[in-house]
Amino acid sequence: MREALFLLQQKGFVDVTSGTRARVTNPTGSFVTGQLTNLVKRVSATGTGQENMEQTRLLFEAGVAWQAAQVATDDDIARLKRALDANVAALGNTAEFIRTDVAFHYELNAITRNPIFTAVHEILVEWLIDQRTTTIHMPDADRLSIRDHTSIYEAVLQRTIRCGRSTRWAVICA
């Protein structure tokens, strides 16, 4: 019985606290996000996991950029510009550059006003930080990232996402 309660607690279906009876609960958003984050870690650790995650990221970010371009307000674009400017200002400071890189992507997701996109971004954040920490040491990685972020910003500003592919991110057509 104890093992069964433990497994149900692991899945977020019961709350077991010392000295009290087990209580049935609904899994919280943060619990589900944590579970999916763990899944991303396990998938990315497999032989083809990094490639699969990169494909997922490309498709997800292209869709987010397209949606952001469709619904962005002037205030949204101003926030995205501030995030881009902070990222540019962080050139040369690796930790700050990574933080502002993630913040730029968060702002892009927030523009869509779709809580599912924001949740998926949160699930991918740890993987994105790991990726950025690895790739930031490649020659010109920070400048290439700024170039891509600037292209994304300009597409949202113009409210047009064109068909095609840049060197690091794909764009879908509507």
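**Salt bridges, buried residues and a surface patch**

Author: Let's start with one pair: Arg-113 and Asp-76 join their side chains in a salt bridge, with 2.6 Å from N to O. This is a predicted model, in which local features need pLDDT of at least 70 and side-chain atom pairs count only at pLDDT 80 or more, while totals for chains, interfaces and linings use all residues. Residues are numbered from 1 along each chain as its sequence is written, and side-chain values use heavy atoms, leaving out hydrogens and water.

Reader: What makes the contact of Arg-113 and Asp-76 a salt bridge?

Author: The term asks for a side-chain nitrogen of Lys or Arg within 4 Å of a carboxyl oxygen of Asp or Glu. Arg-113 and Asp-76 have N and O 2.6 Å apart, so the pair fits the term.

Reader: Where do Arg-113 and Asp-76 sit?

Author: Arg-113 is in the loop between helix H5 (94-111) and helix H6 (115-135), whereas Asp-76 belongs to helix H4 (residues 74-89). The two are 37 residues apart, and the pair links distant parts of the chain. The names follow DSSP runs numbered from the N terminus: helices are H or I with at least four residues, strands are E with at least two.

Reader: Why is Asp-76 called buried?

Author: Buried means under 20% relative accessible area, exposed means over 50%, and partly exposed is in between (1.4 Å probe, protein chains only). Asp-76 has 2%, so it counts as buried.

Reader: What about Glu-107 and Arg-79: how do you know that they form a salt bridge?

Author: Their closest N and O atoms are 3.1 Å apart, and the limit is 4 Å, so the pair qualifies. Because Glu-107 is in helix H5 and Arg-79 in helix H4, this salt bridge ties together parts 28 residues apart in sequence.

Reader: Are Glu-107 and Arg-79 buried or partly exposed, and what makes them so?

Author: Glu-107 has 18% relative accessibility, so it counts as buried. Arg-79 has 27%, which lies in between the two cut-offs, so Arg-79 is partly exposed.

Reader: Which residues are linked with these in a network?

Author: Salt bridges link Asp-76, Arg-79, Glu-107 and Arg-113 in a network. The whole structure holds 13 salt bridges.

Reader: What does the pair of Asp-101 and Arg-132 tie together?

Author: Asp-101 forms a salt bridge with Arg-132, the closest N and O atoms being 3.1 Å apart. Asp-101 lies in helix H5 and Arg-132 in helix H6, so the pair ties together parts 31 residues apart in sequence. Asp-101 is buried at 5% relative accessible area, and Arg-132 is buried at 5%.

Reader: Which residues does His-105 touch?

Author: His-105 is in helix H5 and buried, with a relative accessible area of 5%. Its contacts (heavy atoms within 4.5 Å) are Arg-57, Glu-61, His-121 and His-149, not counting residues up to four places away in sequence.

Reader: What makes Val-32, Leu-36 and Leu-39 a patch?

Author: Patches are made of residues with over 30% relative accessible area and no salt bridge; like charges are joined within 9 Å, and nonpolar side chains (Val, Leu, Ile, Met, Phe, Trp, Tyr) within 5 Å. Leu-36 lies in helix H2 (residues 29-44) and has 37% relative accessibility, so it is partly exposed. Together Val-32, Leu-36 and Leu-39 make a nonpolar surface patch of about 220 Å². Accessible areas come from the Shrake-Rupley method with a 1.4 Å probe, and for residues only the protein chains shown count as cover.

Reader: Why is Pro-27 called partly exposed?

Author: Its relative accessible area is 32%, in between the cut-offs for buried and exposed, so the name fits. Pro-27 lies in the loop between strand E2 (23-24) and H2, and its contacts are Lys-11, Gly-12, Phe-13 and Val-32, not counting residues up to four places away in sequence.

Reader: What is noted about phi of Arg-159?

Author: Phi of Arg-159 is near 60°, a positive value in a residue other than glycine. Arg-159 is in the loop between helix H7 (141-158) and strand E3 (164-165). Phi of Arg-113 is also near 60°.

Reader: How many helices and strands does the protein chain have?

Author: There are seven helices and four strands, in the pattern α-β-β-α-α-α-α-α-α-β-β along the sequence. Of the 174 residues in the protein chain, 35% are buried.
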